[in-house]
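The following account leads the reader through a molecular structure, taking its ligand sites and metal sites in turn. Please keep the sequence and the three-dimensional view at hand while reading.

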2 protein chains.
Amino acid sequence: MLGSIEAGGTKFVCGIGNEQGEVLERISIPTKTPDETIPEVIEFFKKRKVEAIGIGTFGPIDVKKSSPTYGHVLNTPKLAWQNYPFFQTVLDELQVPTGFTTDVNAAALGEYQFGAAKGLDSCLYITVGTGIGAGAVVNGELLEGLSHPEMGHIIVRRHPDDHFEGNCPFHKDCFEGLAAGPAIEKRWGKKGIEMTDRKEVWKMEAYYIAQALVQYIMILVPERIVIGGGVAHQESIFPLVRENVKSLLNGYFTHQELNENIADYIVAPGLKDNAGLVGGLVLARHALEEEE
Amino acid sequence: MLGSIEAGGTKFVCGIGNEQGEVLERISIPTKTPDETIPEVIEFFKKRKVEAIGIGTFGPIDVKKSSPTYGHVLNTPKLAWQNYPFFQTVLDELQVPTGFTTDVNAAALGEYQFGAAKGLDSCLYITVGTGIGAGAVVNGELLEGLSHPEMGHIIVRRHPDDHFEGNCPFHKDCFEGLAAGPAIEKRWGKKGIEMTDRKEVWKMEAYYIAQALVQYIMILVPERIVIGGGVAHQESIFPLVRENVKSLLNGYFTHQELNENIADYIVAPGLKDNAGLVGGLVLARHALEEEE
Ligand SMILES: Nc1ncnc2c1ncn2[C@@H]1O[C@H](COP(=O)(O)OP(=O)(O)O)[C@@H](O)[C@H]1O
Ligand SMILES: Nc1ncnc2c1ncn2[C@@H]1O[C@H](COP(=O)(O)OP(=O)(O)O)[C@@H](O)[C@H]1O
Ligand SMILES: [Zn+2]
Ligand SMILES: [Zn+2]
């Protein structure tokens with residue numbers, strides 16, 4: 001059996017599953033301080049004797065294997081977690097091969113192996129929720145470099161009718177600052193879920209998401225893009241995003257995927273809300289294989 | 001001996017070198033039609049009995065190995081080259097292992113192996129010249145997906161003082177449409193090389209280049225960025241670009257490379273104008289190794 005941790009800002013989802021990406025058991029533990037949350041997580045896995053474990057966590061985190069602080073949580077606004085040696089603690093306690101990456105990288109890996117991007121060599125997974133983040137698989141491997149990507153904080157052109165200043169504490173009107181759930185709520189004065197029939201809300205949202213996807217396409221050319229997260233539950237954005245992407249690309253790419261077949265290129269998660277948890281199982285399997 | 005072809009819009013540079021990336025002999029052949037240019041190229045290499053060859057070419061090209069048109073030049077404005085089976089022709093004529101990628105990918109590979117990014121696991125090479133393009137090495141491999149990247153065509157925010165409409169035939173005011181050499185010339189009415197002392201020219205140029213680098217950093221987080229191409233001969237842009245990148249990132253990344261050490265992060269090519277040709281030798285070596 002393999003273990004998977006999806007560590008989010010409000011809850012940790014811990015799961016047990018197999019190499020086929022099937023989740024057989026799961027629990028949810030509220031995210032408090034590491035001292036409160038982690039012992040519960042460890043206990044859950046100790047009782048189940050997992051052979052390996054994969055962690056997909058909120059960030060920023062140190063994913064550089066050669067770094068002395070590899071596996072630590074970095075400068076997160078969740079102060080109790082700053083500098084927390086997440087990877088090391090899990091490894092020390094459970095003593096099994098442990099994989100460690102961001103929540104969105106794990107989701108990208110899950111969708112790549114068992115979800116909407118199965119059978120391809122590359123894909124990108126973006127979540128539009130409380131924050132915006134994305135992870136990618138390139139040539140079959142997770143995209144990492146100096147750090148993990150921070151694709152939510154790219155620069156976008158403002159919509160001409162948008163008078164909201166943006167709420168990213170670092171960049172004000174970056175993509176996340178204009179298009180994550182809380183930005184939608186601040187701009188329009190209501191939660192997204194209460195504005196399903198307000199076309200102008202989703203037109204503006206799609207305008208921003210499409211710009212971001214165009215940047216990802218020009219830079220990474222993934223073979224498929226999966227959009228998850230709470231805001232993507234608003235299904236009407238998918239056709240709007242696809243239309244905007246096509247019109248922004250303006251025929252520059254001749255690939256069917258970016259033209260007549262764009263509905264199969266920009267898609268919802270194949271694993272629904274399980275992408276991250278399943279990705280953790282894939283990470284665990286990789287960690288096990290590397291050990292052997 | 002290994003062979004390398006750097007295929008550009010005005011000339012083909014053909015070189016002979018070794019596995020250490022040393023170029024021992026080179027010639028330059030004007031880019032006319034394939035029927036005129038390619039036989040000269042083939043003749044050069046036939047006489048020198050190369051064991052393998054690497055091609056870095058202008059694009060767009062088909063780099064998807066599973067594609068029926070792998071190795072072809074795609075919808076280039078150089079009409080004589082459209083649909084030209086570049087890779088196949090070289091392979092058929094020379095009958096040696098042949099590597100094939102874009103000019104900027106080859107340059108990225110050259111800088112990664114023997115130039116400014118030696119010893120790292122990732123890097124990005126961008127050329128700002130007649131066009132703008134970039135290639136990247138991720139986890140030690142060239143970044144490719146559905147296609148090769150088209151990083152010159154990303155969306156940028158217009159500089160408030162910029163009244164030039166942009167000259168990209170697809171997107172008008174994309175990055176390339178506002179910041180490549182010809183855009184500089186059209187906006188200001190003079191060639192870049194004649195405006196070395198016009199501070200406002202290079203401030204605006206750096207504004208655009210820095211935005212692009214921020215997008216590349218947020219999305220790819222390369223361990224180093226190398227800027228080549230004719231416009232980058234204008235050395236005063238380097239400090240301006242670095243300052244702009246820092247102020248746009250605004251401390252979001254805490255890595256030294258993106259803060260106090262940014263002068264070692266955004267750099268000129270270590271191989272000067274040889275990055276592409278040396279990258280071709282690396283490609284040739286890879287092709288040879290894959291064969292064995
Ligand atoms: N159906 C919906 N339509 C629009 N927005 C939604 C919907 N459901 C959730 N959201 C928004 O998504 C955000 C939460 O995203 P979610 O992905 O569920 O959580 P998190 O990002 O915290 O993991 C909130 O800002 C919420 O308002
Ligand atoms: N020193 C310089 N300062 C500014 N611009 C330059 C300089 N040298 C060349 N350029 C510009 O760079 C472009 C040519 O780029 P280059 O990389 O040499 O060729 P190409 O992109 O065609 O391979 C032209 O637009 C030219 O005006
Ligand atoms: Zn931001
Ligand atoms: Zn363009």
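How far does an oxygen atom of ligand 2 lie from a polar backbone atom of B:Gly230? In this predicted model, the separation between that ligand oxygen and the polar backbone atom of B:Gly230 is 2.8 Å. Two side chains of chain B also make polar contacts with ligand 2. An N or O atom in the side chain of B:Thr130 is 2.6 Å from an oxygen atom of the ligand, and a polar side-chain atom of B:Gln234 is placed 2.7 Å from a nitrogen atom of ligand 2. On its own, ligand 2 has 570 Å² of accessible area, of which the protein covers 65%.

The surroundings of ligand 2 can now be described in full. They consist of B:Gly129, B:Thr130, B:Gly181, B:Pro182, B:Gly192, B:Ile193, B:Trp202, B:Gly229, B:Gly230, B:Val231, B:His233 and B:Gln234. Sorted by class, this shell contains 8 polar and 4 nonpolar residues, and no charged ones. Glycine counts as polar in this division, and B:Gly129, B:Gly181, B:Gly192, B:Gly229 and B:Gly230 are among the residues of the shell.

Chain A contributes the site of ligand 1. Around this ligand stand A:Gly129, A:Thr130, A:Gly181, A:Pro182, A:Gly192, A:Ile193, A:Trp202, A:Gly229, A:Gly230, A:Val231, A:His233 and A:Gln234. The shell comprises 4 nonpolar and 8 polar residues, with no charged residue. As to polar contacts, the side chain of A:Thr130 has an N or O atom 2.6 Å from an oxygen atom of ligand 1. A polar backbone atom of A:Gly230 is 2.8 Å from an oxygen atom of ligand 1, while a nitrogen atom of the ligand is 2.6 Å from a polar side-chain atom of A:Gln234. The protein covers 65% of the accessible area of ligand 1, which on its own amounts to 570 Å².

The metal sites come next. In chain A, the zinc ion (ligand 3) is coordinated at 2.1 to 2.4 Å by the ND1 atoms of A:His153 and A:His171 and the SG atoms of A:Cys168 and A:Cys174. Why is the arrangement around this zinc ion tetrahedral? The 4 donor atoms subtend angles of 100 to 122°, and four donors count as tetrahedral if all angles lie between 85 and 135 degrees. Along the chain, the donors of ligand 3 are spaced H-x14-C-x2-H-x2-C.

In chain B, the zinc ion (ligand 4) has as its protein donors B:His153 (ND1), B:Cys168 (SG), B:His171 (ND1) and B:Cys174 (SG), at 2.1 to 2.4 Å. The angles among its 4 donor atoms run from 101 to 122°, and the site is tetrahedral. The donor residues of ligand 4 follow the sequence spacing H-x14-C-x2-H-x2-C. Of these donors, B:Cys168 and B:His171 are both buried.

Other cysteines remain to be considered. A:Cys14 counts as buried because its relative accessibility is 0%, and A:Cys123 is likewise classed as buried because its relative accessibility is 0%. Over all chains, a search of the whole structure finds 0 disulfides.

Methods:
Residues numbered from 1 in each chain as written. Chains lettered and ligands numbered in written order. Predicted model: local features only at pLDDT ≥ 70, side-chain atom pairs only at ≥ 80, totals over all residues. Heavy atoms only, no water. Donors = N, O, S within 2.8 Å, 3.2 Å for Na, K, Ca; no water. Tetrahedral: all angles 85-135°; square planar, octahedral: opposite > 155°, others 65-115°. Buried < 20%, exposed > 50% of the residue type's maximum accessible area, 1.4 Å probe, protein only. Near = heavy atom within 4 Å. Polar contact = N/O pair within 3.5 Å; in protein donor to acceptor, adjacent residues only side chain to side chain. Areas by Shrake-Rupley, 256 points an atom, 1.4 Å probe, with all protein chains shown as cover. Disulfide = S-S within 2.5 Å.
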